[in-house]
Each structure stands twice: as structure tokens, then as C-alpha cells.
Amino acid sequence: MKKIGIIGAGISGLFIANLFKENHNYQVTIFEKKHSIELDEGYGIQLSTNSIKLLNKIGFNELEKKEKFNPEKIDFYEIENQKKISDLNISEYNSEDCKYTTMKRSILVQFLKNRLDEVVIKYEHSIEKIEKKNNQINLAFKNNQNFICDYLIISDGIFSKGKSLISKNKIQPTYNNCIAIRGKISRANLINLNEMNISLFVGPDFHYVIYPIDIISGELNFIGVLKHQLTTNELQNYRLFEEKAFIEGIKSRLQNKISFSILSNLNNIKCFPVFVSKNFHKSVENIYLVGDAFFAFPPSFAQGASQSIEGASELFESIIHSKTDYYSSRVSRVKMINNRSKLNQFAFHASNPIVVFFRNIGLKILTKNKKFLENYLGKIYKS
Ligand SMILES: Cc1cc2nc3c(=O)[nH]c(=O)nc-3n(C[C@H](O)[C@H](O)[C@H](O)COP(=O)(O)OP(=O)(O)OC[C@H]3O[C@@H](n4cnc5c(N)ncnc54)[C@H](O)[C@@H]3O)c2cc1C
């Protein structure tokens with residue numbers, strides 16, 4: 001039996017552990033630096049059909065219907081006049097048991113965690129050293145524990161320590177000049193929105209998205225992405241983003257961008273800087289990167305979690321079938337999605353009136369153009 005060590009119990013690490021669970025040729029152990037799994041209670045996640053199809057393989061379709069939503073459309077609005085520009089029918093890519101889904105992130109993570117034996121996840125194991133000896137990999141953790149494995153899967157997120165160790169600090173994420181603002185909003189505070197759809201507001205240097213996550217409480221997820229310069233000192237002071245003064249400063253910048261009824265009723269607001277990847281690290285055989293550790297996208301295509309799941313599935317297939325194309329096929333897929341994410345962000349944040357004019361016309365036409373959508377979205381959602 002081959003031993004697999006997984007660094008990080010996020011969506012990608014938990015999902016790949018679930019896939020290996022059914023294969024008795026492998027034994028997986030996940031090492032997580034925190035003392036429990038971070039559930040980020042209350043916040044939402046969007047999952048497109050490419051990842052739902054893979055999640056269904058491990059029983060996601062058996063989750064209770066009340067735990068998930070299947071929005072039919074993305075409604076596009078212009079921030080400046082709050083008018084609807086167009087809508088896009090995302091249910092076009094759905095099939096009977098595989099639908100575009102929005103839900104609480106915590107429900108997805110609980111689902112992935114609950115399917116694993118408790119002993120699989122070792123908490124308070126922060127990776128400190130990775131050493132390759134012949135075909136085996138020695139892992140050393142901050143708590144002085146060690147582990148020897150045949151395969152190492154690094155899935156410890158955007159600020160991957162595992163990647164820093166194997167790349168000798170050569171590959172670091174960069175600040176995307178944007179702050180993400182997360183919060184929750186109750187259905188009662190939304191005016192003129194179809195709360196069963198995804199509402200996407202676009203405007204100068206800012207876009208925000210509201211989508212349903214909780215059928216019982218009627219809560220929706222709010223996620224905004226605001227262009228915002230930060231100094232090196234500010235970026236290094238992570239506590240800054242939790243400070244009341246900082247959050248109030250961001251809120252005051254949003255006053256003329258979000259309607260009063262939404263801004264004044266946003267709950268559990270959290271701000272954090274958005275970091276993205278700029279390049280790839282090609283690891284040596286039997287050490288692999290997956291999820292945000294492999295590559296983190298700008299959040300304007302909502303593909304981060306879906307790609308973590310897709311990448312994990314590709315890696316699983318690659319390991320069990322002793323294939324060698326995981327890195328090259330992932331890189332080409334990631335490049336395609338990253339280009340679309342950057343293009344989306346550019347279009348969503350346009351401020352030049354001429355660009356805005358053409359963006360709006362483009363949105364009206366392209367959201368109804370089957371050929372374009374098949375290429376732009378279909379290639380991603382139907383993989
Ligand atoms: C603003 C924003 C909104 C987003 N919205 C969406 C969305 O709607 N849909 C979507 O698909 N994606 C979205 N994403 C992206 C998505 O959340 C991520 O891509 C995804 O969670 C990455 O999963 P992961 O498992 O690779 O990493 P993570 O979820 O970051 O998990 C990494 C794990 O590794 C652990 N770890 C870290 N360091 C160590 C260490 N040294 N030793 C051991 N363990 C360690 C961490 O504690 C954590 O548990 C969004 C991202 C942002 C920034």
C-alpha cells in the first residue's frame with residue numbers, strides 16, 4: 001500500500017482524500033496546521049457544473065435539497081444607475097443531477113470532511129521541512145512530528161508553505177490591487193432583485209455579487225471586489241484588515257457604489273486583500289501541487305473552488321494510472337481560466353465611459369450569443 005501525505009485540509013486536500021478513500025492501494029493522511037477545519041460559517045460559494053459533476057461521484061447529490069441553490073441566471077446590473085444590463089442563462093449547462101450551485105461554504109467543507117475517517121486528518125501539523133530521499137518523501141512538522149510518504153500532495157492554499165519549501169521561495173503570490181469584501185444580507189433588504197438568481201453589479205473599479213445561500217433564514221452571500229492600493233507595510237500587517245477603522249474606511253468608499261439598504265444591512269463584514277498567482281512551479285515526480293497552491297485566480301470567474309476540485313480529480317486519475325501529464329494539462333486549463341478571469345475583472349471594473357458603453361452593448365449581445373457562450377463558458381462548465 002502506497003502512503004500519500006496531503007498538506008492542507010481545504011477544499012482541494014479534502015476532495016482528493018475523498019477520492020483516494022475508495023482505493024485500497026493507497027492510504028492518505030492529511031496534515032492541517034490549524035486545530036480544526038476552518039468553516040468560514042455563513043459565507044457562500046459558487047460551484048459550476050464541472051465541479052458538481054465530480055462532487056456527485058462522492059455523493060454530493062445526496063445532500064439535502066435545502067442545503068443548496070440552483071440559480072438559473074446571472075443578472076447583470078450597472079452600479080451607477082442600478083439598472084439591469086442583461087442576464088445570462090447559466091442553467092443552460094445544467095443536466096438533471098448536475099446543476100450550477102450556490103451554497104454555504106461550510107456545508108461543502110463539512111460534507112467533504114464528514115466522509116473521511118477522523119484519524120485521516122492530523123491537526124496542528126504545520127509543514128516545516130520537505131526532503132526527498134530516493135523515492136520517498138520525509139515530512140517534518142513544526143510540532144516535531146515526522147512522516148514518510150510515497151507521494152506528497154501540497155494543497156495548503158495561496159500562501160503555500162509547501163510550495164515555498166520545494167521552490168526555495170522562488171514562487172510567491174502577488175497582490176491583485178483589490179480588496180475583497182464579504183458579508184451576508186437578508187432577503188428583506190433587497191429591492192428589485194431576483195433573489196433566486198445571482199446578481200452581479202459592475203461599476204468603476206468595483207463589482208459585487210449577491211447570491212442565495214440559506215433557504216431557511218433567507219440569507220444571501222455578498223462578495224465585493226474593490227480596486228484598492230496598499231503599501232508593502234499594509235500588506236504585511238494582516239491584522240489591519242480586521243480593524244474597525246479599516247473596514248469603516250472601505251465602507252465609506254462604497255457609499256456611492258452600493259444602495260443604502262444593502263450597505264447598511266450587510267452583516268459579518270470581512271475584508272481581505274486578494275492575492276493571485278503569476279507563474280507555475282513544476283514540481284519533481286511524486287510531489288504535486290493542487291488547488292490555490294498550484295495557481296490562484298482573480299475571483300471574477302468564481303472558479304477557484306471548482307478548479308481546486310477539478311485539479312484534485314485530475315491528479316487522482318494521474319496518480320492511480322501512473323500518468324505524467326497532470327502538470328501540462330493543468331497548466332493549459334489554468335491559463336485559459338486565468339485569462340477569462342482577468343478579462344472579466346477588466347470589463348466589470350471599467351471606468352472609461354466609452355469602454356463602459358461598449359461593455360454594456362457587449363454584455364447585451366454576448367449573453368444571448370450561443371456560439372460565444374459555448375466557447376467562453378461551455379468550455380469551462382462542461383469539461
Ligand atoms: C474573495 C474570494 C471569493 C471567492 N469566491 C469563490 C467562489 O464563489 N467560487 C469558487 O469556486 N471559488 C471562490 N474563491 C476561491 C476559493 O475559495 C479557493 O480557490 C479555494 O478555497 C482553494 O482551496 P484550497 O484547498 O486550494 O486552499 P484553501 O481553502 O486555502 O485551504 C488550504 C488549507 O491548508 C492549510 N494550511 C496552510 N498552510 C499550512 C501549512 N503550513 N501546513 C499545513 N496546513 C496548512 C490551511 O489552514 C487550509 O486549511 C474565492 C476566493 C476569493 C479570494
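In what follows, Ala, Val, Leu, Ile, Met, Phe, Trp, Tyr, Cys and Pro count as nonpolar, Asp, Glu, Lys and Arg as charged, and the others, Gly among them, as polar. The model is predicted, so local features need pLDDT of at least 70 and side-chain atom pairs pLDDT 80 or more, while totals for chains, interfaces and linings use all residues. Residues are numbered from 1 along each chain as its sequence is written, and side-chain values use heavy atoms, without hydrogens and water.

The ligand is surrounded by 33 residues, each with a heavy atom within 4 Å of it. Ser 12, Glu 32, Arg 105, Asp 292 and Ala 305 come nearest. By class, this shell has 13 nonpolar, 13 polar and seven charged residues. At least two shell residues come from each of α1 (11-21), β3 (44-47) and α8 (304-320), and α8 gives the largest share, four residues. Helices (H or I, at least four residues) and strands (E, at least two) are DSSP runs, numbered from the N terminus.

The backbone also takes part in polar contacts (pairs of N or O atoms within 3.5 Å). A polar backbone atom of Lys 33 lies 3.2 Å from a nitrogen atom of the ligand, and a backbone N or O atom of Ser 306 is 3.4 Å from a ligand oxygen atom. Of the 1,000 Å² of accessible area that the ligand has on its own, the protein covers 85%, by the Shrake-Rupley method with a 1.4 Å probe.

Methods:
Polar contact = N/O pair within 3.5 Å; in protein donor to acceptor, adjacent residues only side chain to side chain.
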